Amino acid sequence: MEATSYASHDDLPNIFSGVGILPVQFGESRRRKLPSEGERKLLFAVLEDAIRTYLRHRDAGPSARNNEEFLEAVEWLSVDDDSSPFTFLNVCEALEIDPDCLRLGISNHTGRLEEIRT
């Protein structure tokens, strides 16, 4: 018997709010069968870490933008490479997130979310 799992409302971290995911898209993702809860959580964690790192250093001023972590996050978020399972494009595809919409939302993010400051 194949084990299946379904997305729950806790799956999308707060970091994704306001970045172009419509409520109807979120609702659809909750009804789809997902391959593996553990794999999906790992992919969300990879994506969330890159976004948090990018926003934390981007909003910290010009000197923080020379930070190695920031530069790695910028490169990972911007490169259109699909040669490994953990590239930005492949992570977005596996999570059924439009990478261009997410990039636009991240670049347009002007708020300073308190949870990013941790």
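**Notebook: core, helix 3 and salt bridges**

I began with the largest nonpolar core, which has 17 residues, and I noted that Leu47 and Leu102 are the members touching the most other members. I then listed the elements that give two or more residues to this core, and they are helix 2, helix 3 (68-78), helix 4 (88-94) and helix 5 (99-108). Helix 2 makes the largest contribution to this core, with 7 residues. I keep in mind throughout that this is a predicted model.

**Helix 3**

I looked next at helix 3 and asked which of its residues are buried. They are Phe70, Ala73 and Leu77. Viewed down the axis of helix 3, these buried residues fall within an arc of 65°, so they line one face of the helix. I checked what this face meets, and the buried residues of helix 3 pack against helix 2, helix 4 and helix 5. On the other side of helix 3 I found Glu68 and Glu75, which are exposed. At the start of helix 3, I noted that a side-chain oxygen of Asn67 comes to within 2.6 Å of the backbone nitrogen of Glu69.

**His57**

I turned to His57, which I located in helix 2 (residues 37-58). Is His57 buried or exposed? With a relative accessible area of 10%, His57 counts as buried, because the cut-off for that word is under 20%. Leaving aside residues up to four places away in sequence, I listed its contacts as Ala64, Arg65, Asn67, Glu69 and Phe70. One of these, Glu69, has its side chain joined to that of His57 by a polar contact of 3.4 Å. Glu69 thus appears twice in my notes, here with the side chain of His57 and above with its backbone nitrogen facing Asn67. Phe70, also touched by His57, is one of the buried residues of helix 3.

**Salt bridges**

I counted the salt bridges and the structure holds 5; I followed up several of them in detail. Glu48 forms one with Arg52, where the closest N and O atoms are 2.7 Å apart. Both residues belong to helix 2 and are 4 residues apart, about one turn of the helix. I recorded Glu48 as buried, its relative accessible area being 17%.

What does the side chain of Arg103 meet in a salt bridge at 2.8 Å, N to O? The partner there is the side chain of Asp80. This pair links distant parts of the chain, since Arg103 sits in helix 5 and Asp80 in the loop between helix 3 and helix 4, 23 residues apart. I compared the surroundings of the two partners: Arg103 is buried, with a relative accessible area of 18%, whereas Asp80 is exposed, at 57%.

I also found Arg103 in a salt bridge with Asp100, the closest N and O atoms being 3.6 Å apart. Because Arg103 and Asp100 are 3 residues apart in helix 5, about one helical turn separates them. Asp100 is exposed, with a relative accessible area of 54%. Through salt bridges that share partners, Asp80, Asp100 and Arg103 are joined into one network.

**Backbone at Glu96**

Last, I looked up the backbone of Glu96, which lies in the loop between helix 4 and helix 5. Its phi is near 55°, a positive value in a residue other than glycine. I flagged the entry because most residues other than glycine have a negative phi.

Notes
Residues numbered from 1 in each chain as written. Predicted model: local features only at pLDDT ≥ 70, side-chain atom pairs only at ≥ 80, totals over all residues. Heavy atoms only, no water. Buried < 20%, exposed > 50% of the residue type's maximum accessible area, 1.4 Å probe, protein only. Polar contact = N/O pair within 3.5 Å; in protein donor to acceptor, adjacent residues only side chain to side chain. Contact = heavy atoms within 4.5 Å. Core = buried A, V, L, I, M, F, W, Y, C linked by side-chain atoms within 4.5 Å. Salt bridge = Lys/Arg side-chain N within 4 Å of Asp/Glu carboxyl O. Arc of directions from axis to C-beta.
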